[in-house]
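Subject: Handing over the structure

Hello,

Here is the structure I promised to pass on to you. Please open it alongside this note, and I will walk you through what turned up.

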Amino acid sequence: MKEKLNWLLSGTRTILNHQREIEKVRGETFNIFTILKMDKKETVSHTPFLAELLNPNGSHLMGNVFLKLFLALDPVKSVSNTALVNPEKIQVTENKHIGTVVIEDGKEAGGYIDIYLADNNNRSITIENKIDQKTEQPKQVVRYCNYNRLNNVVFYLTPFGTEPSEKSRAKLECNKDFHLLSYKTDIIKWLKECLKETGDNAILRQSIRQYIILLQKITFSMENEQERDLDILMLNHFEESSHIIANFTKAKGRIAEEARQRVIKMLKEKLDNDFNIYAGDNTDNNFSQIWVKYKAHDNEKCPLFFGLESFSPNTNEEMYVGVFSMAGKATDYCREQFSGEAFWPIYYSLEDENANEGINFFKGDILKKMSQDQEFKKKYVERIVSEVEKFIVLHKVSLLDFLDKSKYT
């Protein structure tokens, strides 16, 4: 078994190295989205880019060519309602406001739809873009499904075609009430079809190509030839591949959990006078946290407290520290800094010590270094604790004052 595992891993490394060499030859290591740190910026990069391509009146000057290619995608055209949408009369709206948010059972409504396509007969397609699922909001999918209910088709777009959580979908059913799209399978395929139509428009072609490269990075995708080689290699070593799959997640989780426990220990040492420190979900979950609560307001009714998320190696998102709203509702605390997210009204992403990129336990190189270099792990944990301390110091007095004066009790 060990010899076969080594053969499988060695073969995989060869394929990946080949992929990287191809990227160098093509000049694909230079990516404007990555350089500007827009990889995971859902509202300022992914949604606007997709909406612009879908828009028949977009600056690409391609009319509805890209839109028709999107409507021709298998998971889109397979939904009968979308076949009724007239591509010749579609208007595309980004961040469409559909009213005040209401999450009361049976009356769910309102919010902002990421991408909304509607024709002259009010038949519509809603695309809820979740490049980062931490932005899920209470009954969000329910509210969008209720909008223009009889004529609207809702697609939930994520990197890997993941279903929305129960918090967002409530009791709605996938493939019945709403449908899934993935960047990895559907959007990359669509963009490659769009590339074929760009002709001699070099700027448009290269812009789409750079975006495809970004999505391949986010979704761990490769060029077709390398993916076929990897498929063949794994299937030829089926038992060994299954063994790696079954144990790799546990190995990553163990390393991340060790780091989380170290952070908890250090926070208790540094914040013990004023705060109680609690472990949230462990790293087996997609969202793994640490909660920091004022001792003076450590009760189940307290609406706001500090939090740190996520230590999970299963979710490709940067770690962030912020003020957590227990009820998932808007709060008057620091309203001028409101993030737009109900459960995390204020937060910021943690950056590494060089401020080059966000701290993310999903990144294999970080976990690899932690497993091999104890000094690196120590410094990484210290960096996390330092960032948390800075945020708490910034909001410590004002949040305590807000809680002292509130009437939540």
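A word on terms to begin with: two strands pair if DSSP finds at least two bridges between them. Helices (H or I, at least four residues) and strands (E, at least two) are DSSP runs, numbered from the N terminus. With that in hand, strand E7 (residues 289-294) and strand E8 run antiparallel and are joined by four bridges.

Two notes on where the values come from. This is a predicted model, in which local features need pLDDT of at least 70 and side-chain atom pairs count only at pLDDT 80 or more, while totals for chains, interfaces and linings use all residues. Residues are numbered from 1 along each chain as its sequence is written, and side-chain values use heavy atoms, with hydrogens and water left out.

**Around strand E8**

Let me stay with E8 for a moment. Val-292 has Phe-306 in E8 as its bridge partner. E8 also runs antiparallel to strand E9 (residues 320-325), and six bridges join these two. Here Phe-305 has Phe-324 in E9 as its bridge partner.

How many residues of strand E8 (residues 304-309) are buried? Six of its six residues are, where buried means under 20% relative accessible area, exposed means over 50%, and partly exposed lies in between (1.4 Å probe, protein chains only). In a regular strand the side chains alternate between the two faces of the sheet. In E8, Leu-304, Phe-306 and Leu-308 point one way, Phe-305, Gly-307 and Glu-309 point the other way, and all are buried.

**The five-stranded sheet**

Next, please look at the open sheet of five strands, which has mixed pairing and the order E1-E2-E3-E4-E5. Its edge strands, each pairing on one side only, are E1 (91-97) and E5 (179-182). From one strand to the next, the twist averages 30°. Axes are lines fitted to C-alpha atoms, for helices over the stretch in contact, and angles run from 0 to 180 degrees between N-to-C directions.

Within this sheet, strand E2 (residues 112-118) pairs with strand E3 (residues 124-129) in the antiparallel sense, over four bridges. Thr-126 in E3 is the bridge partner of Tyr-116. Helix H8 (residues 183-196) lies across E3, strand E4 (152-158) and E5, and runs at about 70° to E5.

On the edge strand E1 you will find Asn-95, which is partly exposed at 44% relative accessible area. Leaving aside neighbours within four places in sequence, Asn-95 is in contact (heavy atoms within 4.5 Å) with Tyr-112, Ile-113 and Asp-114. The C-alpha atoms of Asn-95 and Ile-115 are separated by 6.1 Å, and these residues are 20 apart along the chain.

**Salt bridges**

The structure holds 16 salt bridges. The term stands for a side-chain nitrogen of Lys or Arg within 4 Å of a carboxyl oxygen of Asp or Glu. One of them joins Asp-119 and Arg-123 at 3.2 Å, N to O. Asp-119 is buried, with 7% relative accessible area, whereas Arg-123 is partly exposed at 22%. Elsewhere, a network of salt bridges links Asp-74, Lys-77 and Lys-189.

**Helix H13**

Helix H13 (residues 374-405) has 32 residues and reaches 45 Å from its first C-alpha to its last. That is close to the expected 46 Å, a span taken as 1.5 Å times one less than the number of residues.

Where does H13 bend by about 50°? The bend is at Lys-396, and the angle is taken between axes fitted to the seven residues ending there and the seven starting there. Lys-396 also forms a salt bridge with Asp-274 (2.8 Å, N to O). This pair links distant parts of the chain, 122 residues apart, with Asp-274 in the loop between helix H11 (238-271) and strand E6 (275-279). Both ends are partly exposed, Lys-396 at 29% and Asp-274 at 33%.

Inside H13, Lys-378 and Glu-382 form another salt bridge, at 2.7 Å, N to O. They sit four residues apart, about one turn of the helix. The buried residues of H13 include Tyr-380, Ile-384, Phe-391 and Leu-403.

**One last residue**

Finally, find Tyr-211 in helix H9 (residues 202-218). Tyr-211 is buried, at 0% relative accessible area. Its C-alpha atom is 8.8 Å from that of Phe-49, although the two residues are 162 apart along the chain.

Enjoy exploring!

Best wishes
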